[in-house]
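Thanks for making time this morning. I would like to take you through the empty spaces in this protein, from the enclosed one to the open ones.

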Amino acid sequence: MYVFIAIYLIALCCYFWTRTSDKIKYRAINKYIMATMYLVLAIVTFLQKYDFASYQTLLMAALILAWLGDVFLVFDFGRGGDFFLAGNICFVLYEQIVLVDRGGYAFKDFAWTFVLAGAMLLAFILASGRWPERFRYGKMRWPMMFYLSSIFMHGITGLALILMMPGTNYAMMGLGSFLFMISDIILNLYRFVFNNNKWLIRANSLTYFTGLLLIVLSTV
């Protein structure tokens, strides 16, 4: 496992360069290596430890959709986003089931996640409407708001895992989900606000791939 993590982190360091280079072939290969690594580890762990009929299958579906998002996002931002949207929904459902089944909580105990995610979404909607020259969404404004609603719920539900199930592997999963959300916020700022800031896109890569690694490692 230590060798796997070391190789993954070396590939991530390489991605800091390939992601900001003009050589899309190297960027794609580098990204596909990392994405396939986290997916293969998840599949092997699932086959060894879990039953197909369990709700763990929902997490596998989320990770497969994230992998498809990684594959398509390199060449097609919209199609990649569609896969990530579906993946976020699966992540949220899985983590809510964990809070109820493993944590012993009732829905009302984590209803605050909807309020906080809604407040974050409202902030983005108001900001993009108030300063359209700064938040250059154009025709992508409402599709992006729809996507952001899913990633905010994913990240805030992850925060609920951290706060409500501390000291468990689910808290690690929650941290991974929260980093996933941070990565998408950074990606939005990179693509629609600041545009072509290399440090922003590197921060996006760091938080995203670290987040996915933590999510998968939490199941091992």
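What follows is a short tour of a cavity and two pockets. Please keep in mind throughout that this is a predicted model.

Let me begin with the enclosed space, where the structure holds one cavity of 30 Å³ or more, and its volume comes to about 60 Å³. If you want to find this cavity on the screen, look for its lining residues, among them Ala42, Phe46, Tyr50, Leu59 and Thr219. Two elements, helix H2 (24-49) and helix H3 (56-73), each give two or more residues to that lining, and H3 gives the most, with four. In terms of chemistry, the cavity lining has six nonpolar and three polar residues, and no charged ones.

Turning now to the open spaces, the largest pocket has a volume of about 580 Å³ and is lined by 34 residues, with Leu73, Phe77, Gly81, Leu187 and Arg191 lying nearest its centre. Several helices supply at least two lining residues each, including helix H4 (77-101) and helix H6 (141-164), while the largest share, seven residues, comes from H7. Here the lining divides into 18 nonpolar, eight polar and eight charged residues.

The second largest pocket contains about 170 Å³ of space, and its lining includes Arg19, Asp22, Arg27, Tyr190 and Lys198. The elements that give two or more residues to this second lining are H2 and H8. And which classes of residue make up the lining of that second largest pocket? They are three nonpolar, four polar and four charged residues.

Note on methods
Residues are numbered from 1 along each chain as its sequence is written. This is a predicted model: local features need pLDDT of at least 70, side-chain atom pairs count only at pLDDT 80 or more; totals for chains, interfaces and linings use all residues. Side-chain values use heavy atoms; hydrogens and water are left out. On a 1 Å grid over the protein atoms alone, a cavity is a set of points where a 1.4 Å probe fits but cannot get out, and a pocket is an open set with protein on both sides within 12 Å along at least five of seven lines; lining residues have an atom within 4 Å of a point. Grid points are joined across faces, edges and corners, and a volume is the space filled by probe spheres set on the points. Ala, Val, Leu, Ile, Met, Phe, Trp, Tyr, Cys and Pro count as nonpolar, Asp, Glu, Lys and Arg as charged, and the others, Gly among them, as polar.
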